[in-house]
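Me: I'd like to go through some of the labels on this one with you. Could you tell me what stands behind each?
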Amino acid sequence: MAEFLRAHGAWDGGAFVTLEIDGQSFVVIDIGMRMLSPRELFNAQGFPPDYVIEGAWEGLDSDEPTFRPFSKDVQISCCGNSVCPPVAAAIIAANCPHLAENHRETA
């Protein structure tokens, strides 16, 4: 990160990274980055908070269904291959209005 900031003239290599934006100076203390969690990725895509991303039930037609957990990598790839619900709903409403359902919240 420091190399990137130096290359773009945002840091002179001093003890702190300082940036000036619109006449205000900011000191960047932590320039480390972290990856978003699978849940954060699904939230950003517009999935509801209770949407199950942790795994899948197998053998639902048997007497003893089992839950198969997904690894973090699988959860992330599922999000990357998904279409967020609001976009899917808009596509259906635009192309197949007779299939779209109107939902109203009741007070």
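Reply: Gladly! Let's start with a term: a disulfide is a pair of cysteine sulfur atoms within 2.5 Å. This is a predicted model, where local features need pLDDT of at least 70, side-chain atom pairs count only at pLDDT 80 or more, and totals for chains, interfaces and linings use all residues. Residues are numbered from 1 along each chain as its sequence is written, and side-chain values use heavy atoms, with hydrogens and water left out.

Me: Why is Cys84 not in a disulfide?
Reply: The closest cysteine sulfur, in Cys79, is 9.3 Å from the sulfur of Cys84, so the pair is too far apart for a bond.

Me: And what rules out a bond for Cys79?
Reply: Its closest cysteine sulfur belongs to Cys78 at 8.7 Å, which is too far as well. The structure holds zero disulfides.

Me: Why is Cys79 called buried?
Reply: Buried means under 20% relative accessible area, exposed over 50%, and partly exposed in between (1.4 Å probe, protein chains only). Cys79 has 7%, so buried is the word. Cys84 is also buried, because its value is 14%.

Me: What makes Leu19 partly exposed?
Reply: Its relative accessibility is 24%, so Leu19 falls in the range between the two cut-offs. Leu19 lies in strand 1 (residues 17-21); strands (E, at least two residues) and helices (H or I, at least four) are DSSP runs, numbered from the N terminus.

Me: How do you know that Val52 is exposed?
Reply: Val52 reaches 51%, and exposed means over 50%, so the label applies. Val52 sits in the loop between helix 2 (38-45) and strand 3 (55-58).
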